[in-house]
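Biologist: I'd like a close look at a single part of this one, and then how that part ties into what surrounds it. Take your time and walk me through it.

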Amino acid sequence: MENKINFDKGSVWIVGAGPGDPGLLTVLAVKAIRNADVIFYDALINSEVLHLAKPIAKLVYVGKKAKKHSISQLEISSKLVSESKKNKRVLRLKGGDPFVFGRGGEEALALTLNKIPFRIVPGITAGIGGLAYAGIPATHRDFNTSITFISAYGAGGEKPETIDWKSFVQTSHLIVVYMGLERIYWVCKELILQGRSKKENIAIISNATRKNQKVFVSTLESCSKELRKEKIESPALLVIGKNVLLSPTLNWFKTNEIDYFYEHELLKKKHAGYKSI
Ligand code: SAH
């Protein structure tokens, strides 16, 4: 694959890395990572993906830090601006798609206001890629003609007031909840309260598309209780609707068959000189 792209010095590319499996990166994302001088990356980025960078590239983690105050959105945006002003090719690497619950729009606005050229490289969002890897068709003609993506967190971490559960319950045949694992009890309670059946199926897809992917199928009324016995970790999606019923039959993904780009050992040697801060 030819590596040349028009990634100009002094510009910022906001790139989606997909939900985890590096095989789901777009060709453009791979080329951008290979060409970047500085990469600002989030917690959900697979290390295999970062290993595609040039050995001299600067890798900067800007995700949440365990027990520490995480870097603010304002700080991230100002870092993007200051690095690009140093005439670097700056890459902002995000999980999934940058414009789906990814704050990509906020960063793009900051760049525009500071007159920094930028482009967006879409990625496969977890709500699409994750469902495919769990054997849940996002649409299936017998079941649904629309999909609804909901975030269980508001901008300040609160339960979003703006979720119109009543209308979603009536009109959305398939509901995909991002950032919902910690709030699964609340999500299910609202859905039942507004009229969905207690017996309706829900799938929890944890670490979708990764080697440790887990799919757990239950019902709205009993999933919270059953989850306490299961080891289900973040990141996870909640999927509510009849399409979930297909998962046990179409669950094709063998977690030990992921195609990574390189062998681990080779990678370690090649990238021993990484500058990482
Ligand atoms: N921009 C991302 C979403 C970021 S919000 C995208 O388009 O996918 C973070 C939430 O996304 C997580 O809490 C989880 O609900 C979901 N998510 C991201 N990656 C995931 C994965 N591999 N498996 C399951 N859920 C995932």
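Modeller: Let's start with Q194, which sits in the loop between α7 (184-193) and β8. Keep in mind that this is a predicted model. With 14 C-beta neighbours inside 10 Å, Q194 counts as partly exposed, because the buried class asks for 20 or more and the exposed class for 12 or fewer. If you skip the neighbours within four places in sequence, the contacts of Q194 are W165, K166 and V169. F168 is worth a look too: 26 residues separate it from Q194 in sequence, yet C-alpha to C-alpha the two are 9.0 Å apart in space.

Follow the chain out of that loop and you get to strand β8, residues 201-206. Five of its six residues are buried, so β8 is largely enclosed by the rest of the structure. Who are its strand partners? One is β9 (residues 214-219), which pairs with β8 in the antiparallel sense over six bridges. If you want a spot to anchor your view, find N201, which stands opposite T219 in β9. Another partner is β10, which also runs antiparallel to β8 and is joined to it by five bridges. There, I202 has I240 as its bridge partner.

Now stay on β10, residues 236-240. Five of its five residues are buried, so the strand is mostly covered. In a regular strand the side chains alternate between the two faces of the sheet. Here A236, L238 and I240 point one way, while L237 and V239 point the other way, and all of them are buried. Besides β8, β10 pairs with strand β7 (residues 174-178), again in the antiparallel sense, this time over three bridges. In that pairing V177 is matched with L238 in β10, and L238 belongs to the set that points along with A236 and I240.

β10 also takes us to the ligand. Both β10 and α5 (126-133) supply at least two residues each to the shell around the ligand. That shell holds 24 residues, and the closest are G96, G102, T125, A126 and A208. By type, the shell divides into 12 nonpolar, nine polar and three charged residues. Where does the ligand lie relative to the domains? Domain 1 (12-124) and domain 2 (127-255) both give residues to the shell, so the ligand lies between them.

For a look at another part of the chain, try helix α1, residues 27-35, where A29, K31, A32 and I33 are buried. The cover over those buried residues includes β1 (12-16), β2 (38-41), α2 (47-50), β4 (90-94) and β5 (118-121).

Zooming out, the protein chain has 10 helices and 11 strands, and 36% of its 277 residues are buried. Of the contacts between residues at least 6 apart in sequence, 74% join residues at least 24 apart.

How far does the predictor's confidence go? The mean pLDDT of the chain is 90, with 89% of residues at 70 or more. The stretch to flag is 262-266, where pLDDT stays under 50 and the model has two contacts beyond four places in sequence.

Conventions:
Residues are numbered from 1 along each chain as its sequence is written. This is a predicted model: local features need pLDDT of at least 70, side-chain atom pairs count only at pLDDT 80 or more; totals for chains, interfaces and linings use all residues. Helices (H or I, at least four residues) and strands (E, at least two) are DSSP runs, numbered from the N terminus. Two residues are in contact if their C-beta atoms, placed from the backbone, lie within 7 Å. A residue is near a molecule or strand if its C-beta atom, placed from the backbone, lies within 6 Å of it. Ala, Val, Leu, Ile, Met, Phe, Trp, Tyr, Cys and Pro count as nonpolar, Asp, Glu, Lys and Arg as charged, and the others, Gly among them, as polar. Domain bounds come from an automatic or database domain assignment. pLDDT is the predictor's confidence in each residue, from 0 to 100. Two strands pair if DSSP finds at least two bridges between them.
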